[in-house]
Amino acid sequence: VQLVESGGGLVQAGGSLRLSCAASGSIFSINAMGWYRQAPGKQRELVATISSGGSTNYLDSVKGRFTISRDSAKNTVYLQMNSLKPEDTAVYYCNAQTKLRMYSPEYPYWGPGTQVTVSS
């Protein structure tokens, strides 16, 4: 299973970016998908998750600014980021809780990360 993120880059404070992450490979099903981020010198933190049924969960500091969505038919998750702040600067990683077979357990797969830099 491979996850590939895209959409990162450099943006000024107040700007917007849209991240995408597509999962490919021998996938039976994907349950939750999510976005995490890690800033230099800090631990990786959960930014947003979305279940297979569409339920979402957000880090408090991004509520009202970020929106997570998914296209289950394409095994793709998106993160629309608006009103970006310098403190949003980090490497953003996508995650997919994936089953390879009907009766296998879920495994967490990760993308390699995409850099988001917000200048003040």
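Is Asp-60 buried or exposed? It's exposed, with a relative accessible area of 60%. The views below come from a predicted model, and Asp-60 turns up again in the fourth of them, paired with Lys-63.

**View 1. The whole chain, an all-strand affair with eleven strands and zero helices.** Read along the sequence, you get β-β-β-β-β-β-β-β-β-β-β. Along the principal axes, the C-alpha atoms fit a box of roughly 50 × 25 × 25 Å. The radius of gyration is 14 Å, which agrees with the value near 14 Å that a compact globule of 120 residues would have. Buried residues make up 38% of the 120. Take the contacts between residues at least 6 apart in sequence: 55% of them join residues at least 24 apart. About 6400 Å² of the chain is exposed, and carbon and sulfur atoms account for 49% of that.

**View 2. Strand 8 (residues 76–81), largely enclosed by the rest of the structure.** Why call it enclosed? Because five of its six residues are buried. Strand 8 has strand 3 (residues 17–24) as an antiparallel partner, with six bridges between the two. One spot to look for here is Arg-18, which sits opposite Gln-80 of strand 8. Strand 7 (residues 66–71) also runs antiparallel to strand 8, again joined to it by six bridges. In that pairing, Arg-70 has Val-77 of strand 8 as its bridge partner.

**View 3. The hairpin turn between strand 7 and strand 8.** Four residues separate the two strands of this hairpin. Keep an eye on Asn-75: it's in the turn, and its phi is positive, at about 50 degrees.

**View 4. Lys-63 and Asp-60, one salt bridge of the four counted in the model.** The closest N and O atoms of this pair are 3.0 Å apart. As for the acidic partner, Asp-60 is exposed, at 60% relative accessible area.

**View 5. Asp-88 and its two arginines, Arg-37 and Arg-65.** The side chains of Arg-37 and Asp-88 form a salt bridge, 3.0 Å from N to O. Arg-37 belongs to strand 4 (residues 29–38) while Asp-88 is in the loop between strand 8 and strand 9, so this pair ties together parts 51 residues apart in sequence. Both Arg-37 and Asp-88 are buried.

Asp-88 also makes a salt bridge with Arg-65, where the closest N and O atoms are 2.8 Å apart. Arg-65 lies in the loop between strand 6 (56–58) and strand 7, and Asp-88 in the loop between strand 8 and strand 9, so here the tie is between parts 23 residues apart in sequence. Arg-65 is buried, just like Asp-88. Step back a little and you'll see a network of salt bridges linking Arg-37, Glu-45, Arg-65 and Asp-88.

**View 6. A nonpolar surface patch made by Phe-28, Met-102 and Tyr-103.** Between them, these residues give a patch of about 410 Å². Tyr-103 is found in the loop between strand 9 (90–99) and strand 10 (107–110). Its relative accessible area is 78%, so Tyr-103 counts as exposed.

Conventions. Residues numbered from 1 in each chain as written. Predicted model: local features only at pLDDT ≥ 70, side-chain atom pairs only at ≥ 80, totals over all residues. Heavy atoms only, no water. Patch = residues over 30% accessible without salt bridge, like charges linked within 9 Å, V, L, I, M, F, W, Y side chains within 5 Å. Areas by Shrake-Rupley, 256 points an atom, 1.4 Å probe, with all protein chains shown as cover. Buried < 20%, exposed > 50% of the residue type's maximum accessible area, 1.4 Å probe, protein only. Rg over C-alpha atoms; globule rule 2.2 N^0.38 Å. Contact = heavy atoms within 4.5 Å. Pairing = 2+ DSSP bridges.
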